[in-house]
Amino acid sequence: MKNSADIRTEFLEFFRDKDHAIVASAPLVPHEDPTLLFTNAGMNQFKDVFLGTGTREYRRAADTQKCLRVSGKHNDLEEVGIDTYHHTFFEMLGNWSFGDYFKREAIAWAWELLVDKWGLDPKRIYVTVHAGDDQLGLGPDEEAADLWRSETGVTPEHVLYFGSKDNFWMMGDTGPCGPCSEIHYDLRTDAQRAAQPGAELVNADDPRVMEIWNLVFIQYNAQPDGSLNKLAAQHVDTGMGFERIVAVLQNKKSNYDSDLFAPILERVAQLSPRDDVTDYALDDVGDEELRSQLRIAMRVIADHIRTIVFAISDGVIPGNTGRGYVIRRILRRAVRFGYQTLGFRSAFLHLLVPLVVDEMSTAFPELKENQEYIARVTSAEENGFLETLGHGIRLFETIVPYVERAGRGGADRVQAAVDLRDDRKALEILEKSDAEGHDEAVLIDTFIRDAGANRLPGTVVFLLHDTYGFPADLTALMARERGIGIDIEGYESCMQAQRSRARSAASFATEIGQEWEIVTSGADSEFVGYDTANLETATVRAVRAVAGESDDHEGFEIVLDRTPFYAESGGQVGDKGFLSVAGEDVRVLDTYRQDGRIVHRVSKLPHDLTGTVSARVDAASRMETAKHHSATHLLHAALREVLGRHVSQKGSLVAPDRLRFDFSHFERVTESELEAIAARVNEMIQRNISREEERSVPVDEALGRGAMALFGEKYGDSVRVITFDPTYSIELCGGIHVEATGELGVFRFTSEGSVASGIRRVEAVVGKSALAHIDAELNTLDAVRSQFKTLQRPVAAEVESLVSRARDLEKEIALLRVASLGQVLDALVRDAVEANGVRVVAGKTAPAVMDDLRILGQDLRGRLGSGAVGVLGAVDPGGDKVYLVSTVTDDLVGKGLSAGKLVGAVAKTVGGGGGGRPELATAGGKLPDKLDEALKLVPGMVETMLSN
């Protein structure tokens, strides 16, 4: 069976032999195309060629493109996990012709690769062509249909005609377009195919007859009036779903059964705290509905972790806006499925990162370089969301006992009301859930009445959802576990009231854009934050409801006439803080700029939208952010001094706790170079250089003075210039900065790595974060030093000596351990039994780790010669795990006996799973007490396998 890596390589090599240039995948983030959140098709990086605005050095190309489809036209998110062939992240294999070959070659080569090289059954292949479109003035694409019939071995009745919805491709309402020809493959059994023709299932959303390749023939240019003009140069754009073709070639009915996903699914099963989840097969789960739910959860996680890994590697950080918001939703969706269905209560996604990296880094080496960073970002985001869930759980646990008691009625209900009056924490929950300001007695009476129906009131469910981001379906699940329900009607009523408040908040009919509702008229978004972090007199200009962080949650946004809040720009994160209206505090969660307006994302809308607004930026957070922004300028200058003038900024993040800086450089930054750069930055900090700020400088004048213009920024005729010593750092910048460099304290690097070819990334800290970083390092050093009674040499030398001695001892111990364990093999071989003429060796060794047991298995295989099978088992030295190794001699492998299948079957008895090569395979389990029983079953299992 071909593995996925071989399939990818064979595709590219096939087209290399056809004189195609093999080009690298574009990043998932299409920096040069503002119309896209993510690269969602293979053609994205060639869009300029099709539009006639760009050229390439080659006329033929092939690639594998990283793609992400989670929003807009290609929204596959809700299908992921439910079916077996939709994914958020996927690879698109493609071949391209830019005015070179056309339909004849594209069709013939597709058939050659699929049938002649990869051996697909021609009788299972269906192809579709464009049936024509009267509105477009086009007849059927008989050219393509005739080529399929004449140039390939396709069954003539397997050439099908479909309309423009399925078989005509357009880049947009105008521009390049053309008919396409899709290739579908019938995965059903022969009996199913005989019962129903596959043609009836093509384009019917049936995963058993699945599209695997689309050949697009770009031959027209769509005009604004709807007419089509023929292009002077005709192009070919093909896309083959890599995950789908891998499943087909590996003879799998589901993409998730292929080697792209199977290792992740098995690891998820191993990590799950549920006792009945030991592998993806879920043989221990008898209830079919539960088994389906568990598999969906595992598929969601397996898909989403791939998306998370690739997105973070390409520079997307989970956040509240744009691309970061999409990845945050995907990550939280995976965590929620793990939490609700698979029993996870601690972070687990980051543990899957190495599996994805190992599988994909050969094709995408940037994953290996960024692995630690990806895992760290994933872990931090997971833990942050789990903390939010934890707050909700504590609130739930506080209030639910009163629901249980009220639900029992009688004296319990009366006593619950009495106790509730003395429970300050529970009363605070009721007060927070009350939108109408009722007094305490009314709150208690209403709660007890609603709880008397043995369900959690809808107002409390809404509070969990709105304030803590706690999903309503998760609340319902936890309530069921306690034997109570939730008031879903009351919850929906609260949700509707929240939406209505946002819709009815405006007092004027004029709109800002399509979604905004005007509160007061006049100019808006004057930024005063360079001069103050607090503003006492502002006015709400407009509000709107927006999609929030969870699937069914709404958030809110506010525009003011003036604001001190800095909107995310130039890499600097948006300010947080509070807006106060008529004594009511509203938390500002983030600030960003849209269409020239400064938008405040808030936790809720104030009741009085027309009152005077006091705006207060979180001063401590802003100060730390300012330190990191100024440090970024000093760092940029130092990088150019030490590494060379070729260094230019390619991206950045400036946050209160760290900075990240991406820059052009052709090789890894060495330790000595990092030391020199850090020393130069710290030198500038020690000089305590005052900031020079100039506003409204003509852009040409600023650039003429040597000011650096930064990556991704667009500048107007006048700019703001920030200078720290005119001979050192002059940059065009709209961000917040310190008054003098001495405020930064100290600068420390925390990481250096690669983002993409020719792009390096450094992360660093200053201020409080740097002090915390240094304290942590010193504490670690003190802890190490304390392990030595006396120090004759520096700590590093002592540790190096210890590590060297430990390695030597480990080697000696390993040799002795394996030699000791090997003594039992002679006895086990002597005690071999016979099953259907095959010698079977099955026995238990002394406690051992898997590496030692695998060596024993290899030793046993050498001793057995031919006609024999061996299974060895050992309990882990810790006593809580079981390891198994199975070996089958070559002559029996040739007869169909597999060590992988055998060890997997044995492992089920010890509560585990595993597999591997036919000649040698390993497995593990969770039930040491069952090991003897499992080994006794081996001869019978061998006999059964031989007879089948």
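## Exercises on a predicted chain

Cys733 counts as buried, because its relative accessibility is 8% (buried is under 20% relative accessible area, exposed over 50% and partly exposed in between, with a 1.4 Å probe and protein chains only). The model is predicted, so local features need pLDDT of at least 70 and side-chain atom pairs pLDDT 80 or more, while totals for chains, interfaces and linings use all residues. Residues are numbered from 1 along each chain as its sequence is written, and side-chain values use heavy atoms, without hydrogens and water.

**Exercise 1. Find out whether the radius of gyration of the protein chain agrees with that of a compact globule.**

Step 1: Start with the rule, which is 2.2 Å times the number of residues to the power 0.38, with the radius taken over C-alpha atoms.
Step 2: For 948 residues, a compact globule would come out near 30 Å.
Step 3: The protein chain has 33 Å, which agrees.
Step 4: For a second view of the chain, look along the principal axes, where the C-alpha trace spans about 95 × 80 × 75 Å.

**Exercise 2. Describe how the protein chain is built and how much of it is buried.**

Step 1: Count the elements: the chain has 29 helices and 34 strands (DSSP runs numbered from the N terminus, with H or I over at least four residues for helices and E over at least two for strands).
Step 2: Turn to burial, where 52% of the 948 residues are buried.
Step 3: Take the contacts (heavy atoms within 4.5 Å) with a separation of 6 or more; residues 24 or more positions apart account for 67% of them.
Step 4: Finish with charge: the mean positions of the 105 positive and 147 negative charges are 3 Å apart. Here Lys and Arg are positive and Asp and Glu negative, with His and the chain ends not counted; the places used are NZ of Lys, CZ of Arg, CG of Asp and CD of Glu.

**Exercise 3. How many disulfides are there, and is Cys67 buried or exposed?**

Step 1: Apply the rule that a disulfide is a pair of cysteine sulfur atoms within 2.5 Å.
Step 2: The count comes to zero disulfides.
Step 3: Cys67 is accordingly in no disulfide, and the nearest cysteine sulfur, that of Cys180, is 16 Å away.
Step 4: Cys67 is buried, because its relative accessibility is 0%.

**Exercise 4. Place Leu821 and list its contacts beyond its neighbours within four places in sequence.**

Step 1: Leu821 belongs to helix α24, residues 795–830.
Step 2: A relative accessible area of 4% makes Leu821 buried.
Step 3: With neighbours within four places left aside, Leu821 touches Thr845, Ala846, Pro847, Ala848, Asp852 and Leu856.
Step 4: Asp890 lies 69 residues from Leu821 along the chain, and their C-alpha atoms are separated by 24 Å.

**Exercise 5. Work out where His87 is found, and how far it is from Val300.**

Step 1: Look in the loop between β2 (60–68) and β3 (89–98), where His87 is found.
Step 2: His87 is buried, because its relative accessible area is 5%.
Step 3: Val300 is 213 residues from His87 in sequence, and their C-alpha atoms are 9.0 Å apart.

**Exercise 6. Set Ala582 and Asn836 side by side: what is phi of each residue?**

Step 1: Phi of Ala582 is near 50°, and phi of Asn836 is near 55°. Each value is positive in a residue other than glycine.
Step 2: Ala582 is in the loop between β18 (577–581) and β19 (584–594), whereas Asn836 is in the loop between β29 (833–835) and β30 (838–844).
Step 3: Ala582 counts as exposed at 65% relative accessibility, while Asn836 is partly exposed at 48%.
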